[in-house]
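Biologist: I would like to go through this structure term by term. Please justify each label as we go.

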Amino acid sequence: MSNVIERSSDWFERYLVPPLGALASSPYLQAVRDAFIIFTLPLIIAGSVFLIVANPPIPALADLLKPYQNAILVPFNLSFGLMALFLAFGVAYSLAQYYRTEPVQPGILSMVIFLVACMPVRDLTNLTLGEVLPYLGGQGLFVAILTGFLSTEVMYRFRRSRFTIRLPKTVPPNVKRAFEALVPTLLLLTVVWLLEWFVSSHMMIDSAGQVHQLTIPSLLMQVFQPLVVVQDSYPAALLEIILMMLLWSVGIHGMNIVTAMAAPFWLITLNNNVHGGHGIVTEPFYHIFAHLGGSGATWPLVIYMLRSRSSQLRTVGRVALGPAIFNINEPVTFGVPMALNPIMMIPFIGVPMLIVTVNYLAFSLGLVHVPIIQQPFTVPIGISGFIATGGDFRGSLLQVFDLALSALIYYPFFKAWERILIAREESAEQEGRQSASQAAMVQQVAR
Amino acid sequence: MLRVLIVCSWGMSTSLLVESMLTAASARKCELTVEALSAGEYAGKVEACDVVLIAPQIRHLRKSIEKLAALASKPVAMIEPFHYATMNGEAVLEQVLRMYSA
C-alpha cells in the first residue's frame, strides 16, 4: 500500500506538477493576482463597510437611514467604486516588480492611459461623473489590466533600449528618470487617445434606450459580456473549484492562481449584485462558502486529528486548530498531508466539488441571499456567512450544513489514511526496539 | 545578526512560522530577523539577507528564486513541508543555521 502511494505521488510530481507550475508562475498572472490582493482588496473591504451601514440588515434601522443612504455611499463609491483605476496602477506596478524595474512610473502611466481610455473624446467640461463612474469601477477591470500590462511592457522595453533621451552623467538620477519616462509616456498617451477618439466617435444605445458615446471600456464590456455570463454558471464554478483543488493537491496555492484569472469576473458579478443582481460565482462563493477552514473545507479533519491514535496526526491537529478558526489550512495540507497523497486527494477535490454544487443550488433557488459583501477570508465561519449575504442568517446555516457534509465524506478517507500512518508508526517503533535489543546483544557478546 | 528571508504566497500562514522561529531563536540567545514576503515582493530584499527560504506552496517558483539567490550568492532552500505544516520553528532554525555555516 505504501509503495502504491509513493509511486503515484512520484507520478503526480512528474506529470502534474510541471504544467500546473508553469501556469502558476506566469508573471502576468502573478501581477494581476498581486494587484488585486495588495491594491484593490483593502479598498473593496473598507468600501463594503459603508455599503453595510447604508443597507443594514435590520428593517427598522434601514428605514431610519434611508434619507442618508446616498451620503453614506460616497466613501463606498470613491473606494470600491473606483477599483479599476487603482487596479490599473497595481497591475503595472506588480508586473514591473517581476521585471525588477522601477515600478511607480509605469504605475502612474497606466492610471493616466486608463483614464484616457475611459473618457469619451469631447468637451470634458460637460461630462458628468455618473457617466464614467461605472467604468472606473467594476466595468473597467479588463481595461485596467490591459493598460497595466501595456504601460509596464512599453516602459520596460524603452528603458532597456537606445530610444531614450540620454543625458550627461552629471545629471542627478531623479531628473534623468523623469526624462527617460517622457518618450514612452508621450507615445502611449497618443496611441490610447487616438484609439479612444476612434471608438468614441461611434454611438451605443443602452437598455434604457438612451444614446451614449462608446468608450474603450464600454466596448470591451460588450465583448466580454458573454464571458461574464458564462463564468457565472454552474459548469464554470465546477471547473474553477476543480482547478483550485487540483493545484492544491500537488501542493501549489490553488486559490491564488485561479484568483488571478477569475477575479475580474467575480468582481463584476459581485458589483452587479450590489446593484440588485443575482449572480452567484463570486469571490465569497469560494472563500466564504466553499473553503470552510481553508481550501478543501478541511475544518472537520482538524477535529478528527485531535483525537487520532496516530501521533503524527495528533501533532498536526494541535498546530492546525488555531489557524483553522481563521480559515488557514497549510498545516493540514502539508501535515496530514493532503498534497500528493492519493488517498486524501479524492475527498480533497471531491468535498469542495460537492459543496459548490449544494451552494450553487441553494443560491439559485433563492434559499440563501446571493453574496454581496467581500470580506477578509480569515473571518470565522458562521459570522462570515451572515456578513457575505448582507445579513442573511441562512448564509450561516448553509455554512454549517456544508461543514456537516464535509465531516461525513472525509471520515472514511481519514480513517483509511490514519490506519496506514498508525501501521507505519508501529513498525518504526518495533524497528527501534529491535535495533535497541540487537545493540544490547552485541554489547553482551563483546563482553 | 542573522537575516532570513522567507518567500511565500500571501504571508498568512508563514507569519505563524516566523513567530515560532523567533521564539526558538530567543531561547537559544541567537540574534535573528525573519521577513516573510510574497513572490512579487521579495526580489528587492535578497541582497539584504543572509539566507533565503522557500515555502512549500510556491515550489513552482523554486527555479526563479534559486536563480536570483545564486546571483546574490545567498544560500537558498525549500522549507521541509512537514516542518512548515507543524510550524516547527526549532527545526527550521536548525536548517537556517546549517545553511548559513555551510
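Modeller: Start in chain B, where B:Leu53 has B:Ala77 of strand 4 as its bridge partner. Keep in mind that this is a predicted model.

Biologist: What makes strand 3 and strand 4 of chain B a pair?

Modeller: Strand 3 (residues 51-54) of chain B is joined to strand 4 of chain B by three bridges. Pairing takes at least two bridges. Therefore the two strands count as paired. They run parallel.

Biologist: How are the strands of the chain B sheet ordered?

Modeller: The order is 2-1-3-4, in an open sheet of four strands with parallel pairing. On average, neighbouring strands are turned by 25° against each other, direction ignored.

Biologist: Why do strand 2 and strand 4 of chain B stand at the edges?

Modeller: Strand 2 (32-38) and strand 4 (76-78) of chain B each have a single partner strand, so one side of each lacks a neighbour in the sheet.

Biologist: Which helices lie against these strands?

Modeller: Helix 1 (residues 14-27) of chain B packs on the sheet and touches strand 1 (2-8) and strand 2 of chain B. Its direction makes about 170° with that of strand 2 of chain B. Helix 4 (residues 89-101) of chain B lies across strand 1, strand 3 and strand 4 of chain B. Helix 4 of chain B runs at about 135° to strand 3 of chain B.

Biologist: Now chain A. Why is helix 14 of chain A called oblique to helix 15 of chain A?

Modeller: The axes of helix 14 (residues 299-306) and helix 15 (residues 311-325) of chain A cross at roughly 140° and come within 8 Å. Roughly antiparallel needs an angle over 145 degrees. The crossing angle therefore makes helix 14 of chain A oblique to helix 15 of chain A. The crossing is left-handed.

Biologist: Which residues make that contact, and how do they divide by class?

Modeller: Helix 14 of chain A brings A:Trp299, A:Val302, A:Met305 and A:Leu306. Helix 15 of chain A contributes residues including A:Leu313, A:Arg314, A:Gly317 and A:Arg318. The contact divides into nine nonpolar, one polar and two charged residues.

Biologist: What makes helix 11 and helix 17 of chain A roughly antiparallel?

Modeller: The axes of helix 11 (residues 234-249) and helix 17 (residues 342-364) of chain A cross at roughly 155°. The cut-off is over 145 degrees. Helix 11 of chain A and helix 17 of chain A are therefore roughly antiparallel. Their axes come within 9 Å, and the crossing is right-handed.

Biologist: How many residues of that contact are nonpolar?

Modeller: The contact of helix 11 of chain A with helix 17 of chain A has 15 nonpolar, one polar and no charged residues. Among them are A:Ile241, A:Trp248 and A:Ser249 of helix 11 and A:Phe348 and A:Pro352 of helix 17 of chain A.

Biologist: Where are the domains of chain A?

Modeller: The domain assignment gives domain 1 (26-224) and domain 2 (267-441) of chain A. Their C-alpha centres lie 36 Å apart. In contact are 10 residues of domain 1 and 10 residues of domain 2 of chain A. Helix 2 (residues 27-54) of chain A gives the most to the domain 1 side, with five residues.

Biologist: How many residues of chain A are in contact with chain B?

Modeller: 24 residues of chain A are in contact with 23 residues of chain B. Elements giving two or more residues to the chain A side include helix 1 (2-24) and helix 5 (83-98) of chain A. By class, that side has 11 nonpolar, 10 polar and three charged residues.

Key. Residues numbered from 1 in each chain as written. Chains lettered and ligands numbered in written order. Predicted model: local features only at pLDDT ≥ 70, side-chain atom pairs only at ≥ 80, totals over all residues. Axes fitted to C-alpha atoms, helices over the stretch in contact; angles between N-to-C directions. Parallel < 35°, antiparallel > 145°, perpendicular 65-115°, else oblique. Left-handed = near helix turned anticlockwise from the far one by under 90°. Contact = placed C-beta atoms within 7 Å. Nonpolar A, V, L, I, M, F, W, Y, C, P; charged D, E, K, R; others polar. Domains from an automatic or database assignment.
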